[in-house]
Structure formats: structure tokens, C-alpha cells
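Morning, everyone. I have one structure for you today, and I'll keep it short. Please have a look at it first.

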Amino acid sequence: MNAALPWLDVRRAEAIETFRVKGVPHRRIEEWKYSDVHSALTADDVAKAGTATVRISGAPTTVEIIDLATLDETAPQWLRDQLAVDNPQGAMNAAAFGYAAGGVALRVQRNIAAGAVRLSVSGSGHARILLVLEEGASLTLFESRETATGLRNIGADIVLAANAQLAHIVIEPEAPDAVRVDS
């Protein structure tokens, strides 16, 4: 997500502004009352976290995959229509979009049973994942995460059309020195 694309630049700027206004979540925010991220991170830590690496393997040819780090003016319309189309409202979700320089988008077209795909996340930082399953499509996503230290903030946009089915399985080792946020 490094290219200068007006539609993307506007969405990212809005997301960064949302994070700037809301700040790092703390216990006085109802959704975060059991996870005081503010005690572990500052806004500067979040802004400077960098980009986590997201890789896809084992994907059948029926799954369209776009590397968000290499977006340019040829980005498909389905991606433009779905990637953070609504400004992420939560602070950490906004940061995951605004500060991420990479991630991945996957699309399964109408009535395709795509089978299984493996998604792996490594390193610290922000990343974005976009999953689009059109009407009647299905996908099993096995997500594995390598141990990391510091902040790992992964935001996701999941778009499931009518009768679409997604099974999402996450495997992650224990990481006592890490702060992990999924939004």
C-alpha cells in the first residue's frame, strides 16, 4: 500500500486521523476494559511499528490474490470497492489500515468452492487483510502466526455475500513479550 493512489491515500489519511483522535485504547473504553493496550504502548509506538509480513501459500487458481504492498493504478475494482471502504472506527483497526504498508487481499468468485488456503503472519507491525467471498463461494483459511515481540496489529475486512462460507482457523504460539491486536 505504498503507491500514490488518490482513492487509497484518502482512506489511509482518514484512518490515521481516526487513530490520532481516539488514541491508544485504555480500560475506560468499554470495548477495551479487559485489555489495557495503553499501559503497554504509546501512540508513537503504534505509529512507528512498521509492517508485519503476510504470505499466502497453497492457494488454488480459483482464489485471486493481490499483494497490498504492490498496489498500483491497475488494482481491480473489487478491491477498490471493498478495502477499508468505510473508515475503520476503532482506533487500532484504523491504525492497522492507516499505518500498514502491506498485507493481502483474496477473492473467491461466485459459486466457487476454493478449498483451503494458508496465510502466515510474521514479524511485528501493522498489516491489512481483505477477504471477499462472492455469493455461494467458500474458503477455509488456515492462519498461522510466528512468534514476534513488540506490536503486531492485524486489521481485516471480511466481505461475505449471500450463502458464502468462510472457515477461519488461527494457530499462534504463546508470545509473552508481545502485544497482539486483531481488529
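I'll go through a sheet, a surface patch, a histidine and then the salt bridges. Keep in mind that this is a predicted model.

Let's start with the sheet. It is open and has four strands. The order is 1-4-6-8, and the pairing is mixed. Which strands sit at the edges? Strand 1, residues 53–57, and strand 8, residues 165–171. Each of those pairs on one side only. From one strand to the next, the twist averages 20°.

Now look at strand 8 and its partner. Strand 6 covers residues 138–145. Strands 6 and 8 run parallel to each other, with seven bridges between them. To find your place, take E143: its bridge partner in strand 8 is V170.

Stay with strand 6 for a moment, because F142 lies there too, and F142 is partly exposed at 31% relative accessible area. F142 joins I169 and I171 in a nonpolar patch on the surface. Together the three have about 240 Å² of accessible area.

Next, the histidine. H126 is in strand 5, residues 125–133. Is H126 buried or exposed? Buried, with a relative accessible area of 0%. Its side chain has a polar partner, though. That partner is the backbone oxygen of V46, at 2.7 Å.

On to charges. How many salt bridges does a search of the whole structure find? Eight. I'll show you three of them.

First up, E30 with K33. The side chains meet at 3.0 Å, N to O. E30 counts as exposed, at 53% relative accessibility. K33 is partly exposed, at 33%.

Then K48 with D44, at 3.3 Å, N to O. Here K48 is the exposed residue, at 62%. D44 is partly exposed, with 42%.

The last pair is R107 with E134, at 2.9 Å, N to O. This pair links distant parts of the chain, 27 residues apart. R107 is in strand 3, residues 103–108. E134 is in the loop between strand 5 and strand 6. R107 has a relative accessible area of 13%, so it counts as buried, the cut-off being under 20%. E134 is partly exposed, at 24%.

And that pair has company. E64 is linked with R107 and E134 in a network of salt bridges.

That's the tour. If you open the model yourselves, start from R107, and look for E64 and E134 in its network.

Note on methods
Residues numbered from 1 in each chain as written. Predicted model: local features only at pLDDT ≥ 70, side-chain atom pairs only at ≥ 80, totals over all residues. Heavy atoms only, no water. Pairing = 2+ DSSP bridges. Helix = DSSP H or I, 4+ residues; strand = E, 2+ residues; numbered from the N terminus. Axes fitted to C-alpha atoms, helices over the stretch in contact; angles between N-to-C directions. Patch = residues over 30% accessible without salt bridge, like charges linked within 9 Å, V, L, I, M, F, W, Y side chains within 5 Å. Areas by Shrake-Rupley, 256 points an atom, 1.4 Å probe, with all protein chains shown as cover. Salt bridge = Lys/Arg side-chain N within 4 Å of Asp/Glu carboxyl O. Buried < 20%, exposed > 50% of the residue type's maximum accessible area, 1.4 Å probe, protein only. Polar contact = N/O pair within 3.5 Å; in protein donor to acceptor, adjacent residues only side chain to side chain.
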